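Me: I am new to this structure and should like to understand the terms by which it is described. Please show it before we begin.

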Amino acid sequence: MKKYLIILTCLVLGLLGFLISGLFYLDKEIQEIKGFLASDQRISEMSRHYQKLLEHFVLLKAKEGVQTGRYDNARMDFDKLLELNPEVKQANYEMALMAFKQNDIESAMVYALAEEKVNEWAIDNLVLLGTLFTLNKDYVKAESYFERVLQSEAFHFEATNNLAEIYRMKNEPSKAVSKLDAYLLANKNDDFMRFKLYMARLSDGEVDGVAERTFNYLNDNPKNGYLHLVAVCLYLLKDDADSASKHLAISKTLVPAARFSMAIKDELLKKLLIGAGLH
C-alpha cells in the first residue's frame, strides 16, 4: 500500500511539474507574440508617420509651384500626392483653386467636389464651390454652400458678401439687407459691408433714406471713401454725372485699391457708371 502511495505521489508531482513547465513555456510564447505584435505595431506607426511626412512635403512642394506660377509642376505634385493617398485633404482644393485662377471653371468644379467628399466642412472649399456655382448661375446651389459656411462661421465676410449679391441677382434685395444688417451688428466698423448694405437698400428702392444717412455721415466722416462711392451712385441716379465724377475721384484716393476694385463690381454701381461713361 505504501508503495502505491509513493508511486501515486510521484505521478502527481510529475504531472504538476509538467503543467508548470508548460505554463512557463506558454507564458514565454505569449510574451514573444506580444513583443512581435508591439514591434509590428511600431513598424506600422513608423510607416504611417513616414507617409504623413511624405504627403506634407509633396503638398508644400506643390503649393510652392502654385505660388511661383509653375502650374504644370504643381499639378504633377498634386497628382503624386493623390496617388499616395486618394483621400488626402486639401490637395483637390488646391487643384480646384489653381484651375479657378486659370479660368478653368469646369476642372475647378470637379476638383472642389472631390475635396468635399473627403473634407466636407472645409470652409475655403465651400466658399469656392459657392463661387463656382454662382458663376454657373446655379444660384440655388451657390446659396446652399454659402449658408453652410455661415453655419460654421456666422459672420464670414466672403460668404455674407456673396450671399447678399446672390439675393440681389435673384431680385430679393430685402434678403440681402437683412443678411448685411445682421453682419454689421457684429462688425460695426466694416465700412465695405456698410457700403454693400447701402447698395442693397438702393436696390430695394430706399433712395431717400440712404441719401439722408450717406450725406449726414459724410459731413461727420469726409474721409470715408466708401460713403463717397454711395454718393456716386446717388448722384448718378439723379443724372448728375459731374458731382458723381468728383466723388468717384475722391473715393479712389481713400479706398484701398483691392477693395475699390471689389466695390465698383457692384452690379448697380457698375451699371450706373457704364451708363454715365465713367467706368
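The exchange below takes several descriptive terms in turn.

Reply: This is a predicted model, in which local features need pLDDT of at least 70 and side-chain atom pairs count only at pLDDT 80 or more, while totals for chains, interfaces and linings use all residues. Residues are numbered from 1 along each chain as its sequence is written, and side-chain values use heavy atoms, with hydrogens and water left out.

Me: How many helices and strands does the chain have?

Reply: The chain has 14 helices and 0 strands. Helices (H or I, at least four residues) and strands (E, at least two) are DSSP runs, numbered from the N terminus.

Me: Why is H8 called roughly antiparallel to H9?

Reply: Helix H8 (residues 173–186) and helix H9 (residues 191–203) pack at an angle of about 155°, their axes lying 9 Å apart. Axes are lines fitted to C-alpha atoms, for helices over the stretch in contact, and angles run from 0 to 180 degrees between N-to-C directions. Angles under 35 degrees count as roughly parallel, over 145 as roughly antiparallel, 65 to 115 as roughly perpendicular and the rest as oblique. The angle therefore makes H8 roughly antiparallel to H9.

Me: What makes H11 and H14 oblique to each other?

Reply: H11 and helix H14 (residues 267–275) pack at an angle of about 55°, with axes 10 Å apart. That value falls among the rest in the scheme above, so H11 and H14 are oblique to each other.

Me: Which residues of H11 and H14 meet, and how do they divide into nonpolar, polar and charged?

Reply: Leu229, Val232, Cys233, Leu236 and Leu237 of H11 meet Leu268, Leu269, Leu272 and Leu273 of H14, contact meaning heavy atoms within 4.5 Å. The residues of this contact divide into 9 nonpolar, no polar and no charged. Ala, Val, Leu, Ile, Met, Phe, Trp, Tyr, Cys and Pro count as nonpolar, Asp, Glu, Lys and Arg as charged, and the others, Gly among them, as polar.

Me: What makes a set of residues a nonpolar core, and which have the most contacts inside the largest one?

Reply: Such a core is a set of buried Ala, Val, Leu, Ile, Met, Phe, Trp, Tyr and Cys residues joined through side-chain atoms within 4.5 Å. Buried means under 20% relative accessible area, exposed over 50%, and partly exposed in between (1.4 Å probe, protein chains only). The largest nonpolar core has 60 residues, and Phe195, Leu229 and Leu269 have the most contacts inside it. Helix H11 (residues 225–237) gives the most to this core, with 10 residues.
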